[in-house]
Amino acid sequence: MAALYEGFTLCGLVPTQNASDSPIQGIELDGDSDHAVVTDSTRSVTLYKVSDQKPLGSWTVKQGQLLTCPAVCNFQTKEYVVVSDNKVIRVWKDEDLNIDKAFKATVSADVWRVHSAPGGEPVVLFQRGAVRLLDSLLSAPQQPIEDVLSEEEVIRWSTNIVAEKQHFVLFTTEQKGEHFLYVQRLNPNTLQKYRLEREDSGAPPLSFSASLRDKHINLLYLYPNGCVYQSVVAVRGPVELEGVQTLPRSLRLRLPVGEGKLGAASAVALDEAHVAVVGMPHPSARTGKDFLCIWNTNFQTLQAGKEMVGRIHGPVWCYLGKLFVPHGKALSVIPYECQKSSLASALGKLRHAGIAVSKSSVAVPSWNSLLHGDQPQGPAKIVDTRKSNGFIGDAQDLQLSVGQLACHLVARSQAETAFYTPGALAQLVQTQCLCHSVCPDLLLLALEHKDYFLCQLCLQLFPDIPEVVTCACLKTFIRSHQSIEMRLFNLCGGVLQTAYSDNFLLPHLKDLNAQQVILFLQYLQFVYLKFSQDVYTQTPGLRSPTMTQIIDWLCLLLDAHFTVLVMAPDAKGLLSNLESFVKSQVKLFSELGKIEGSLQELHKMKLSKDISQYSIEVIELF
């Protein structure tokens, strides 16, 4: 199971003169998981704090100079390293305001990239394939640099990996339509060259990524026909093999690219079972749109998808649970989560409390019944996991079919006002093969038709509902209320359980008017009191919001409308009640805190071995 969460814009992008060039050269972390170093395509390096999208520092070379490789962080010295005009290596620190006044050295050959990784010294890869450690190069900048590559052979991609105290530099090259992988080991220095197998079409790979897993380097590469291959290089393999070896590959994923081919697409491995792909069409969406998708390579299933507005600019970077995607006029940061791969999770069949799902089958309404608006009386097609022979194919077909059916039904319902099939849509949602990003208009359509049962299903089963849609549901529910105790409680139970980011939810909560805010606060207070008095009655078929979720929503609502509530006469009694309630809770927790130490001592006490079947033991607390 995997999910893409609501993202945010880290910074804007300035379009390049050449539309095919990316406005960003590279993104690196500087040792702090919340700091990203972004190098643009021309003259600037900027350090951002990712969590609040604030620039912490920016350095620019002079007019007429050009940055020719991305800046990296030297994790040993806490310095930044970049190359300008192919041969000038610049080194500076956070406190340096002017990069031109910092250290710089001119080397004797053109540099392709500087690579750095925690646990290793930065290395310099030259355009002709030679590799040097940064310190040894800077000690003698004009040392001769040998040519490693053959004539007309050029580097297309490179990275570095530190494994078991061994530093590896990997780079791919192209020569007359052939593609090669070089693996350079440092200390001791050995170089191995592999030939990549050619596709029948002769098309070159669109992207490469490398990761370390189980003492093996895994190379992942994507072709325009949608084929994602993986090759494995052993960390503890032979020191050096004679000649050029053909690198074995295995097909990990075949993406549904339709009739055309992929353009500026990129793939990166997230873990052993999940791959993120950006710049591909969604199987269930209209053509002409690019998506960021997460695929399960074990079961060939689409796990999550998110439309990316604007043209995709080359690669996608992955750091610590976040994907950095340059597209259109923005660099977006999109958090993701991948759970351990299993057949049930790949099919979206993990159980949710209160929603019963068959362990061995998934019901899908027939196509004819959906097209003609017939209400299904029962499952029209059953995919039985115990009897299916080609199950991986069935799983992929099932997920794609459910997404296509849902999108078709929603599109027809929007085009024909008399056409709406609530039963069929609910049944498709209950297969748990859908998410909001697969069919983004489904929940809005349910709101339009005041289909609150379908809304509740979506709110409970979709993990990727944007905050703006969550607030749209909330506004609709509040407007349609009849009584706080019954109707509003039933409707808002799902809203409280949706995932959200405070920063993105607050602006939309501010759109509520004073009357709606007061009503929702009354509802939240009512639900909390029901819980605290332990007389809360579970609504059949629905999950219960937790106490923490209720308190979080109370705090968010007060933060968004505090000034309005203080000025509103109708809110005076409610705020007074909330204040009294908070004081009582603070007093309760204060009293509990006083006996916390004594309770902890009870856990440390050893039970007497002389205790018989019945005994009374007196423990004095001081």
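Leu588 is partly exposed, with a relative accessible area of 43%. This residue lies in helix H13 of a predicted model. Leu588 is also one of the residues that form a nonpolar patch on the surface. The points below describe that patch and then an open sheet of four strands.

**The nonpolar patch**

- The patch is formed by Leu588, Phe589, Leu592, Ile595, Leu599 and Leu602.
- Together, these residues have about 540 Å² of accessible area.
- Helix H13, which covers residues 572-594, and helix H14, which covers residues 596-604, each supply at least two residues of the patch.
- The largest share comes from H13, with three residues.
- A residue qualifies for a patch with over 30% relative accessible area and no salt bridge; the value for Leu588 is 43%.

**The open sheet**

- Four strands make up this sheet, in the order E23-E24-E25-E26, and their pairing is antiparallel.
- Strand E23 (266-269) and strand E26 (301-308) stand at the edges; each has a single partner strand, so one side of each is left without a neighbour in the sheet.
- On average, neighbouring strands of this sheet are turned by 15 degrees against each other, direction ignored.
- In general, strands of a sheet pair through backbone hydrogen bonds, either parallel or antiparallel.

**The pairing of E25 and E26**

- Strand E25 spans residues 290-296 and is joined to E26 by seven bridges.
- The two strands, E25 and E26, run antiparallel.
- Phe291 stands opposite Glu307, a residue in E26.

Technical notes. Residues numbered from 1 in each chain as written. Predicted model: local features only at pLDDT ≥ 70, side-chain atom pairs only at ≥ 80, totals over all residues. Heavy atoms only, no water. Patch = residues over 30% accessible without salt bridge, like charges linked within 9 Å, V, L, I, M, F, W, Y side chains within 5 Å. Areas by Shrake-Rupley, 256 points an atom, 1.4 Å probe, with all protein chains shown as cover. Salt bridge = Lys/Arg side-chain N within 4 Å of Asp/Glu carboxyl O. Buried < 20%, exposed > 50% of the residue type's maximum accessible area, 1.4 Å probe, protein only. Pairing = 2+ DSSP bridges. Axes fitted to C-alpha atoms, helices over the stretch in contact; angles between N-to-C directions.
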